[in-house]
Amino acid sequence: MNAYRRSSGRVDHTAKVVMAGDCAVGKSCLLYRFVHDEYILPPYIGTVAVDLKVKVVDVDGTRIRLQVWDTAGQERFRSLTRSYFRGALALILVYDITKAETLHIVREYISSVVSDVDENLILLLLGNKSDVSSRERIVSYKEGLNLASKHGIQFLEVSAKTGSNVMEAFNALAKAIKIKLEEGCDDQKVLAQAVQQSVLQKQKKSCCF
Ligand SMILES: Nc1nc2c(ncn2[C@@H]2O[C@H](COP(=O)(O)OP(=O)(O)O)[C@@H](O)[C@H]2O)c(=O)[nH]1
Ligand SMILES: [Mg+2]
């Protein structure tokens, strides 16, 4: 049974999730992939103000409505207002593995915005465009992992284009949100387990022909 359903029917929890990262790292494409399981190219993606997409995720029988906020045009961290982050349970930080500068922007987010907003925020770092050739890759997997580990953040490389790890990332986030809301556990520990489980499940599936 598909664990992902459109936002209809019973909902147990609603959670605000915000996406942040430099312009053109693929935030909107990732969100579109998550909600519609398709890769859509700009300019079909909305480019005005803040975009909000909603999807209900089923986590072990608990239906969680993820309200994911996506920026359009005001991505540079200084121009994101506090209201954008207000009430958010989770923050997805995205960089582009073909542009080193975008990892630097994430670093700035971590040091200023995150500590300023809410230290209990569930954080997930995503290195997008993992589909590119090794020639096009600038940021190594290890660099992303090092930054994430330094701050105790969970990390995955993803591709909105191929869909690699995208559902796993949002699924893990939904699971961490469920546990946070229902049990009030340590967020990063919970997300760490959820990410590992999602990736392990995927590995099991892909090695069973
Ligand atoms: N190769 C590759 N390109 C991507 C991927 N995701 C997004 N892009 C491209 O990156 C550009 C910016 O994407 P967009 O979602 O608009 O970025 P945003 O400004 O962060 O919302 C577009 O040209 C996309 O086609 C991906 O996973 N792989
Ligand atoms: Mg966008």
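F155 counts as buried, at 5% relative accessibility, and its place in this predicted model is in strand β7, which spans residues 154-157. Leaving out residues up to four places away in sequence, F155 touches Y95, L124, L125, G127, Y141, G144, L145 and A148. Two of these partners, G144 and A148, are also among the buried residues of helix α4, and this helix is taken up again below. Computed along the sequence rather than through space, F155 and A169 stand 14 residues apart, while their C-alpha atoms are 8.8 Å apart.

**The chain as a whole**

- The secondary structure of the chain comes to 6 helices and 7 strands, and read from the N terminus these elements follow one another as β-β-α-β-β-α-β-α-β-α-β-α-α.
- The chain has 209 residues, of which 50% count as buried.
- Among the contacts in the chain with a separation of 6 or more, 75% are accounted for by residues that lie 24 or more positions apart.
- The area that the chain exposes is about 10,400 Å², and carbon and sulfur atoms supply 51% of that area.

**Helix α4 and the residue after it**

- Helix α4 covers residues 141-150, and its buried residues are G144, L147 and A148.
- Seen down the axis of α4, these buried residues fall within an arc of 95 degrees, so they line one face of the helix.
- The face of α4 that is turned away from the buried side carries K142 and K150, both of which are exposed.
- Just after α4 comes G152, which takes a positive phi of about 65 degrees.

**Helix α1 and its crossing with α5**

- Helix α1 is mostly covered, since 9 of its 10 residues are buried, and these are K27, S28, C29, L30, L31, Y32, R33, F34 and V35.
- The axes of α1 (residues 27-36) and α5 (residues 166-183) come within 9 Å and cross at roughly 80 degrees.
- An angle of 65 to 115 degrees counts as roughly perpendicular, and α1 and α5 are therefore roughly perpendicular to each other.
- Where the two helices meet, L30, R33 and F34 belong to α1, while V166, M167 and F170 belong to α5.
- Sorted by class, the contact of α1 with α5 has 5 nonpolar residues, no polar residues and 1 charged residue.
- Just after α1, D37 takes a positive phi of about 50 degrees.

**Positive phi in loops**

- Most residues other than glycine have a negative phi, and the two residues described next depart from that general pattern.
- A24 is not a glycine, yet its phi is positive, at about 75 degrees.
- A24 is found in the loop between β2 (13-21) and α1, where A24 is partly exposed, with a relative accessible area of 48%.
- D60, which is likewise a residue other than glycine, has a positive phi near 45 degrees.
- The place of D60 is in the loop between β3 (51-59) and β4 (62-70), and D60 counts as exposed, at 61% relative accessibility.

**Strands β2 and β4**

- H13 lies in strand β2 and counts as buried at 18% relative accessibility, given that buried means under 20%.
- Apart from its neighbours within four places in sequence, H13 is in contact with T62, R63, I64, R65, L181 and E182.
- The C-alpha atoms of H13 and I64 are separated by 4.8 Å, although the two residues are 51 residues apart along the chain.
- R63, one of the residues in contact with H13, lies in strand β4 and is buried, with a relative accessible area of 5%.
- R63 and G9 are 54 residues apart in sequence, whereas their C-alpha atoms are 9.2 Å apart in space.

Technical notes
Residues are numbered from 1 along each chain as its sequence is written. Chains are lettered from A and ligands numbered from 1 in the order in which they are written. This is a predicted model: local features need pLDDT of at least 70, side-chain atom pairs count only at pLDDT 80 or more; totals for chains, interfaces and linings use all residues. Side-chain values use heavy atoms; hydrogens and water are left out. Helices (H or I, at least four residues) and strands (E, at least two) are DSSP runs, numbered from the N terminus. Buried means under 20% relative accessible area, exposed over 50%, partly exposed in between (1.4 Å probe, protein chains only). Contact means heavy atoms within 4.5 Å. Accessible areas come from the Shrake-Rupley method with a 1.4 Å probe; for residues, only the protein chains shown count as cover. The arc is that of the directions from the helix axis to the C-beta atoms. Axes are lines fitted to C-alpha atoms, for helices over the stretch in contact, and angles run from 0 to 180 degrees between N-to-C directions. Angles under 35 degrees count as roughly parallel, over 145 as roughly antiparallel, 65 to 115 as roughly perpendicular and the rest as oblique. Ala, Val, Leu, Ile, Met, Phe, Trp, Tyr, Cys and Pro count as nonpolar, Asp, Glu, Lys and Arg as charged, and the others, Gly among them, as polar.
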